[in-house]
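Subject: Structure handover

Hello,

Here is the structure for you to look over. My notes follow below it.

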Amino acid sequence: MNLIYSCVFFNSEYLELLKLLLQSFKLYSNLTNYDYLIITEERFKNTIQTLFNNNNINGKIWCLTADSQLESCYTRLKIFNYPEMNKYDKLLYLDTDILIIDDLNKITTLNISNKLYCFNEGEKVSSWGHGKLLFKKYKVKINYDIDMFSTCVMLFLNCDIIKNLFEKVLKHINDMFPNPKLYNLKSSFEQDFIIYHSYIDNIYDNELITKFVRNSNMDMVYDGNIITHFCIPCGDTKGKYCRMKSWLEYVNKIKN
């Protein structure tokens, strides 16, 4: 069995994005192939259950606590603490600002090893939020012009290597920011840390799933595009919702 999971914390407006994500999941994936888990906070539980019910998804909800924006971002790395984790072989993490426009089975049936498989969106190490701050801080010799990855989509096995990676990232963040509310790197929160440790341990692949993932282009559906990520406007949930809603309507029209 495979697990798909997403997280919603801190900002209730992300529930609107989750609503569209789950609608697209219902439309374009075989629901019997997966469990879908939402990691969230207690106050969102009933709303998320209603979204599952409305889409006939037998979803799962795991409530944790996140009192800051940094915590709300890195909670996804606690997935190996999920009580039912031993039921799953592969895991696919999806940000909430994503739409599924084809069968996820084409991704989850890929033959993968003990690596973190992520989306190469063409951003370099030198780009904002792609590890530069940490590589410079620790004086790591690295080509700042090589492509890195976005953590909006992460495919991985339920294995000790990825579990250890996530634990290492969490420890690093907690060591630097024992009070998460005092986070001050002005970067992309935990993504920099994930990229840094994945590179140092040489356990990432930014090629395999990239052909299935696209940042949104409102003009066309690309061949092979299964996941569309609405990375902009950053932090603007209302703007993302409008673009996602229009895109889903467009995709439904051309596919039908």
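Start just past helix 7: N202 follows that helix and has a positive phi, near 55°. Keep in mind that this is a predicted model.

**Helix 7**

How many residues of helix 7 are buried? Nine of its 11, so the helix is mostly covered. The buried ones are E190, Q191, D192, F193, I194, I195, Y196, H197 and S198. Several elements do the covering. Among them are helix 3 (69-74), strand 6 and helix 5. Strand 7 (150-157), helix 6 and strand 8 (204-205) also belong to that cover.

**Helix 6 against helix 7**

Helix 6 spans residues 160-176, and helix 7 spans residues 190-200. Their axes come within 9 Å and cross at roughly 125°. That angle makes helix 6 oblique to helix 7. The crossing is right-handed.

Which residues meet here? Helix 6 brings L165, K168, V169, H172, I173 and M176. Helix 7 brings E190, F193, I194, Y196, H197 and S198. By type, the residues of this contact are seven nonpolar, three polar and two charged. The helix 7 residues named here also appear in the list of its buried residues, E190 and S198 included.

**Helix 1 against helix 2**

Now the other helix pair. The axes of helix 1 and helix 2 come within 10 Å and cross at roughly 25°. Angles under 35 degrees count as roughly parallel, so helix 1 and helix 2 are roughly parallel to each other. Helix 1 passes helix 2 in a right-handed crossing.

From helix 1, the residues in contact are L15, L18, K19, L22 and K26. From helix 2, they are T47, I48, L51, F52 and N54. This contact divides into six nonpolar, two polar and two charged residues.

**H130**

Where does H130 sit? It lies in the loop between strand 6 (116-119) and helix 5 (132-137). Is H130 buried or exposed? Buried, because its relative accessibility is 4% and the cut-off is under 20%.

The side chain of H130 makes a polar contact of 3.2 Å with the side chain of E121. Leaving aside residues up to four places away in sequence, H130 touches E121, E123, K124, V125, F135, M148, F149, Q191, D192 and I195. Three of these names lead back to helix 7: Q191, D192 and I195 are among its buried residues.

**Positive phi in loops**

Most residues other than glycine have a negative phi. Two loop residues are worth a look against that background.

F10 is not a glycine, yet its phi is positive, about 75°. F10 lies in the loop between strand 1 (2-8) and helix 1 (14-28). Its relative accessible area is 43%, so F10 is partly exposed.

N56 also has a positive phi, near 55°, in a residue other than glycine. N56 is in the loop between helix 2 (45-54) and strand 3 (60-63). Why does N56 count as exposed? Its relative accessibility is 60%, and exposed means over 50%.

Those two loops sit next to the helix pair described above: the F10 loop runs up to helix 1, and the N56 loop follows helix 2.

Best wishes

Technical notes: Residues are numbered from 1 along each chain as its sequence is written. This is a predicted model: local features need pLDDT of at least 70, side-chain atom pairs count only at pLDDT 80 or more; totals for chains, interfaces and linings use all residues. Side-chain values use heavy atoms; hydrogens and water are left out. Helices (H or I, at least four residues) and strands (E, at least two) are DSSP runs, numbered from the N terminus. Buried means under 20% relative accessible area, exposed over 50%, partly exposed in between (1.4 Å probe, protein chains only). Axes are lines fitted to C-alpha atoms, for helices over the stretch in contact, and angles run from 0 to 180 degrees between N-to-C directions. Angles under 35 degrees count as roughly parallel, over 145 as roughly antiparallel, 65 to 115 as roughly perpendicular and the rest as oblique. A crossing is left-handed if the near helix is turned anticlockwise from the far one by less than a right angle, and right-handed if clockwise. Contact means heavy atoms within 4.5 Å. Ala, Val, Leu, Ile, Met, Phe, Trp, Tyr, Cys and Pro count as nonpolar, Asp, Glu, Lys and Arg as charged, and the others, Gly among them, as polar. A polar contact is a pair of N or O atoms within 3.5 Å; within protein, one must be able to donate a hydrogen and the other to accept it, and residues adjacent in sequence count only if both atoms are side-chain atoms.
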